[in-house]
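Visitor: I should like to take a close look at one part of this structure, the surroundings of the ligand. Please take me through them step by step.

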Amino acid sequence: MPPYGQIVIGPPGAGKSTYCNGMSQFLNSIGRNSLIVNLDPANDLLPYPCTVDIRDFITLEEIMDDESIRLGPNGGLVYCLEVFEQSIQYFIEKIKDLMSLSLDGQSTYIIFDCPGQTELFTNNPIFRNIFGKLEKELDFRFCVVSLVDSINLITPSHYISTLLLTLRSMLQMDLPQVNVISKIDLLKSYIDREKASKMEQRKRRETDDDDLEGGLPFRLQYYTEVQDLNQLLPYVRTENNQRSYFNEKYERLTTLIADLIEDFGLIQYTVLAIEDKVSMINLLSIIDKANGYCFGTNELGGDSIWSDAVRQSSLAFMEDIDIHERWIDEKERWDELEEEKRHELEEYFQSIQGKQDPEDEWEAALRDWEMKQNVENRRA
Ligand SMILES: Nc1nc2c(ncn2[C@@H]2O[C@H](COP(=O)(O)OP(=O)(O)OP(=O)(O)O)[C@@H](O)[C@H]2O)c(=O)[nH]1
């Protein structure tokens with residue numbers, strides 16, 4: 001059985017470490033044993049139990065403290081990874097040890113938490129080389145999971161530069177890539193804040209200028225499906241109300257970048273709120289297709305409930321959820337609905353208590369309940 005991996009990338013604060021923790025717990029709860037490897041030599045506050053840590057090998061602090069090297073945080077980080085790459089064989093041996101611990105019939109599944117310095121995925125070949133060696137020597141099946149904070153949807157030019165960043169990492173890493181708009185549960189509050197700030201500006205200027213309305217001019221699907229970017233360009237123009245020579249150049253540059261992104265036509269996003277199980281299930285089914293997990297594992301692998309659910313399309317109902325309604329227009333109603341479901345789950349858990357050994361009870365309840373919900377949803 002080949003080993004599988006998720007390579008988690010994204011700018012600082014996009015939610016990478018939180019995602020690694022949440023995804024690993026989720027995988028374990030569906031019976032797929034997963035491990036996390038930290039590849040960020042600057043990350044000393046890991047929110048998860050880490051199986052292999054680059055910091056046991058090299059840390060950013062020790063490089064920055066070294067008088068003979070004299071580098072700042074960014075140069076220091078690249079230096080750390082260059083040293084690490086030179087000793088890659090040691091890392092490969094560590095990963096091999098992990099693979100030998102896998103249970104019979106189960107693939108090794110590793111989540112790699114990477115640093116937030118985007119240049120490492122856009123124009124520096126270090127990570128491409130490191131993962132290329134793992135692929136070659138250990139037959140790893142990888143998928144890059146690229147996270148960007150939903151706040152980038154609020155400003156049109158930020159959205160377009162996020163698209164460029166995503167495209168650049170897809171081309172640089174040359175691996176299947178799943179693009180994710182993270183912290184989607186915060187998008188509505190970002191929009192509300194933006195609207196309030198525009199309202200303030202309108203008052204100050206004593207104008208009814210429509211350009212200062214704020215909020216998303218299009219539905220959320222427009223952003224996740226990366227639809228016709230030309231429609232967004234007039235909003236780039238109104239981002240900065242003062243006309244100037246530089247603003248015109250800026251608009252022109254943004255237009256050219258938008259054209260380039262459309263020419264490639266490679267990008268799509270899915271949305272994620274780490275606490276929202278439905279978005280997590282949806283994301284995992286996409287990742288399973290991208291790294292080939294859904295084609296390469298056998299039913300004895302420990303997560304047959306998950307395989308059944310996906311293969312019998314019992315998750316298809318999720319395609320019907322309107323993400324704009326879920327996360328913006330009707331967010332509160334949906335949140336309440338999910339809260340009710342949580343109570344239902346707890347009640348169900350109470351009802352089966354005492355029937356199995358305590359360690360397995362919670363997970364079994366969760367799986368049974370989810371299967372039940374999926375079947376009911378399909379019927380509806
Ligand atoms: N509301 C909400 N907050 C999130 C979500 N994911 C992450 N966060 C929060 O976002 C903040 C940053 O998350 P991290 O996981 O540290 O982000 P990171 O990308 O690892 O950051 P760096 O290590 O600096 O690159 C933390 O406060 C998280 O709790 C989410 O889905 N929803």
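Which residue places a polar side-chain atom 2.9 Å from a nitrogen atom of the ligand?

Guide: In this predicted model, the residue in question is D185, whose polar side-chain atom lies 2.9 Å from a nitrogen atom of the ligand. Oxygen atoms of the ligand also have partners in the protein. The side chain of K183 brings an N or O atom to 3.1 Å from a ligand oxygen, while G15 uses its backbone, with an N or O atom 3.0 Å from an oxygen atom of the ligand. As for coverage, the ligand taken alone exposes 660 Å², and the protein buries 65% of that area.

The wider shell comprises 13 residues around the ligand. The closest are K16, S17, T18, D185 and I274; D185 is thus the residue already described for its contact with a ligand nitrogen. Sorted by class, the shell holds six nonpolar, four polar and three charged residues.

A word on the cysteines may complete the account. The search of the whole structure finds zero disulfides. For C143, the closest cysteine sulfur is that of C294, and because the two sulfurs are 11 Å apart, they are too far from each other for a bond; the cut-off for a disulfide is 2.5 Å. C294 is likewise in no disulfide, with the sulfur of C143 as its nearest cysteine sulfur. C143 itself is buried, and its relative accessible area is 0%.

Notes: Residues numbered from 1 in each chain as written. Predicted model: local features only at pLDDT ≥ 70, side-chain atom pairs only at ≥ 80, totals over all residues. Heavy atoms only, no water. Buried < 20%, exposed > 50% of the residue type's maximum accessible area, 1.4 Å probe, protein only. Near = heavy atom within 4 Å. Polar contact = N/O pair within 3.5 Å; in protein donor to acceptor, adjacent residues only side chain to side chain. Areas by Shrake-Rupley, 256 points an atom, 1.4 Å probe, with all protein chains shown as cover. Nonpolar A, V, L, I, M, F, W, Y, C, P; charged D, E, K, R; others polar.
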